[in-house]
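Trainee: Could you take me closely through one part of this model, the place where two of its domains meet, and describe what each side brings to it?

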Amino acid sequence: MSERPAAPGTAALEPVIGLEIHVQLATATKMFCGCELSFGEPPNTRTCPVCIGLPGSLPVANARAIHFGLMIGLALGSELAPRSIFHRKNYFYPDQAKGYQISQYDEPLCRGGRLGEVRIHRVHLEEDAAKLIHVGASGRIHGSDASIVDFNRSGTPLAEIVTEPDIRSAEQAGEWLRLLRGTLRQLGVSDVNMEEGSLRCDANISLRAAGTSELGTKTELKNMNSFRFIERGIRAEIARQQKLLLDGGQVLQETLHFDPDSGAITSLRSKEEAHDYRYFPEPDLLPVAIDEQMLAAAAAAMSELPAERAERLRGDAGLSEDSAQLLAFRGELGDFFEAALAAPTDPPAGAQALANWVTGELLGRLDDGQDPADSRLEPAALAALVGMVGAKQISVGAARQVLDRLLAEGGEPGAIVVAEGLAAMDGSDELAAIVAAALEANADAAERVRQGNAKAIGPIVGQVMRDTKGRADGTEVSRLINEQLGL
Amino acid sequence: MTPVISNDEVLHVARLARLALREDEIEPMARELSAVLEHIARIGELDLDDVEPTSHVVEVTGALRADEPRPSLPRDVVLSQAPAVSDGGFLVPSPQA
Amino acid sequence: MSSGALELSAVAAAAAIRDGSLSAGELFDAYRERAGADRAAGEQGLNCFTWVADERPAQAPAGGPLAGLPLAVKDLFCTEGVPSQSGSRILEGYLPPYTATAVARLLDAGASLLAKTNQDEFAMGSSNENSGYGPVRNPWDRARVPGGSSGGSAAAVAAGLAPWALGTDTGGSIRQPAALCGIVGLKPTYGAVSRYGMIAFASSLDQAGPLTRDVADAALAFAQMVGRDACDATSLEFPHAITAPSAERLDGVRIGVPDELTGDGIEAGVRACFEAALARAEELGAQVQTVRLAHAPHALSAYYVLAPAEASSNLARFDGVRYGLRAEAQELLEMYTSTRHDGFGAEVRRRIMLGTYALSSGYYDAYYGRAQRVRTKVAGDFREAFAEVDFILTPTAPTVAFALGEKTGDPLAMYLNDYCTVPMSLAGIPAISIPCGLSAGLPVGLQIAGPAFSENRLLDAAHAFEHALEFDGSGARV
């Protein structure tokens, strides 16, 4: 394995990706003042001297925001700093009321940790900026376009989570982000809704020769507000850097914007002109000391850490590692699974089978980030359905149809099976007759199967499944086909 | 005597501080700052390696606020001192980029 | 109402109002007239005030310990609906929607807002020549400065234009003008009084405090202001109630005098008054000894890194977006830079530059980082000294009031006015200045500093000195 970076074009380049996530905390009030958080209120109706930076105003830290910060740290397995301080990050911008943001610098609330395959670098608390609404040319501002500043959002508590650059692909980034979101949702510390802005993600991307350890020049991709855009954006940037490097060019350290409509990547500003934030400890706030009481309160509020839950699902429910992980870290799925598992059904659903249905068929039918508890499907109904499949009372195909109905209308699987006539076909003459008819209708395929082309059985099976509305058991159909063909 | 801070540095600092400086103000500023900085430089004489910095002279921690809502200011009050207002917000020239 | 009413201290006037022999309303009117007259006199007056009430307070005060006493308040305290400009043109006419806690507590205790006093712009200065609203003149000699930055408050009290006033002290801004004007000025323990509503200069140093005719008045005001405020995370619960000072002797009191702050830099006439005060102290039963404040000579340097650094950040909010001056501009950057150039005076601009430089990339460790360490050392020196003595005494200022314009050309010379007061600011300990004599007809101040939270004992010691020294401040009365 070479330690020297290979010349461009002569070795595979591997992406090195780190994420910076801002999470708006679901506290009742802002980070440093008692204003309520705003959800679309008219501009500048949720402000006070502190969050609009009036002369003489002073910040006072929100205890609950710190509590949520500790919960995040615990969930990520981070080290919680016994003493952390706030710093001022100084820069001028119309959305920054005081001309500085109160954040944390070299003594953050949490350090280290891990979630899934990605290590956490740090977690810290800070306040959000105001919103700038571009309004174009305004008669009252001669020369340049105008913007309107709305300070409702100013001061909203944020937790900033920074990962190590452990991510190696756009897909992995998307997957991990979903894992993080599920974890944070389970903690109840945030709405973590990308569309609404309570979850924001920037990506730092660089490339290096595979197998080396030195980091290449990184770019920062900002302003992507959905999982899909993040994946596409990262993919596009990787491709851009790849092409640039293979053409013998150099990656410039800069901040980039991905336009999901055009797929184009444009530069927002050169990172070389980086701000000098002149960080210094915030003199208006005292250091935050984490005592036993605060730790205990954070731990208690979490009920069960995802890692513990995964352990429990593996041990008690006998689930596979993968299933246990997914259900533990996507809390809403885990909740649904455990509720289903606890439901008394006859015939009973096996735990792994149920887990497979939750993480497979069910998850595939939900919207991105949708909580199954919000759907019309009842956990007990899913359990009953899986039990029926296990007892071969219905085929897998039929079960999928029933699941669709349950999600759309709710109800009870047994009733739907009867109403739709989806009960499994037993090995009766009825099925044999349908198989015979299918063989006739697909004579060419039948001939190919006879000749030894096993794959040609596909369309025949498909025909039978259509004719039986999916009720037939696939294995049984194949058996009958082969039997009737004399194979 | 070479000034502690050069004209270029003065311009750089002025930019960071968003302070305009007229041509004729740059050199006097460099001179005045240099004089003060020279005096201040004496803190460089001390051996302070083992000393912790004091960021808060108050030796206390905590002072957190309960997460309970307080009334916000009425918007007309918020905007009452604003130099320019539009659609319920503070009107400013747009930042470039 | 007899003219003698204007001679009464705040304590005496409050008592007279409570026993019915003095009308609060009439007293307020009398002061209002005098303050208004000074305002109207322009260059012929002292220029103490940036605003004077144009009528009696709307609500007759309901009594309370301050019984309707008129109170003058430094311009930088936010007073709801009343201009609060911190002596700056960038906030000309700014009307805050809330009142500073320190002021609110005094008003709740019965005081009435008489006037806002002139000050050095954003509290940066030692002569009140940096105000955007013209310099303040010293009532002892109108060709001289009253000191700063609370020059307006000090001059008003010395001239008898207000019974007492509120000021702020960051590096000496209550104590030094009190000394130059021959009155009492108290800088409390850092954190003892809420900073909420004080337009900030340097957050880790700013403290509100009273400027008064005598020590008893200072105690009365302080007692009402002191205590934790939920709106200021750095404010503290004072460990005990503030008592009225009464001591007339200093038996058993150990006084420490640091060579570092009482040597060559002190002008001869000031030193003479100081030595005389020390001699009096011994007569009153005190023991005087030398103490070491080894890092005091570096305190001024550290202060002139820390204060401007914090100020450069605190003043970033003055950007023309939400309030205050906004310069005409074609685009945003120009709006920022022109607003701040035009709205801030020269000294403020200088300190913003200094502070920005000290915090900037590459310089933080050499300047800000080091200054924070010097601060640790200075605080440590005081702690060690207070293990041996009860109080530390120094002259408050190295000179008496100097002439207007004498030091404005040399910022460094101006900064040196603070070198006796700055160490106490860095350490966060309380200190009071009381007049201890005259030198060439101008007042000299004696500074008494004590450990954190020692205000009761400090005020008592100051009271004993005051009683013994019998300083006559009538020479300044208008």
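Mentor: In this predicted model, domain 1 of chain A and domain 2 of chain A have 1 residue pair in polar contact between them, with both residues at pLDDT 80 or more. Helix α2 of chain A, spanning residues 170–187, gives the most to the side of domain 1 of chain A that touches domain 2 of chain A, contributing 7 residues. By character, the residues on that side of domain 1 of chain A divide into 3 nonpolar, 3 polar and 3 charged.

The count of salt bridges between domain 1 of chain A and domain 2 of chain A is 1. The side chains of A:Arg185 and A:Glu332 meet in a salt bridge, with a distance of 3.9 Å from N to O, which lies within the 4 Å cut-off applied to such pairs.

Turning to the extent of the interface, 9 residues of domain 1 of chain A are in contact with 10 residues of domain 2 of chain A, and the two domains bury about 890 Å² between them, of which 49% is on carbon and sulfur atoms. Within domain 1 of chain A, the residues that lose the most area to domain 2 of chain A are A:Arg178, A:Arg185 and A:Gln186, which together account for 48% of what that side buries.

As for the wider setting, chain A is divided into domain 1 (10–299), domain 2 (306–420) and domain 3 (429–484), and the centres of domain 1 of chain A and domain 2 of chain A, taken over C-alpha atoms, are separated by 35 Å.

Notes: Residues numbered from 1 in each chain as written. Chains lettered and ligands numbered in written order. Predicted model: local features only at pLDDT ≥ 70, side-chain atom pairs only at ≥ 80, totals over all residues. Heavy atoms only, no water. Domains from an automatic or database assignment. Contact = heavy atoms within 4.5 Å. Buried area = accessible area lost by both parts, 1.4 Å probe. Polar contact = N/O pair within 3.5 Å; in protein donor to acceptor, adjacent residues only side chain to side chain. Helix = DSSP H or I, 4+ residues; strand = E, 2+ residues; numbered from the N terminus. Nonpolar A, V, L, I, M, F, W, Y, C, P; charged D, E, K, R; others polar.
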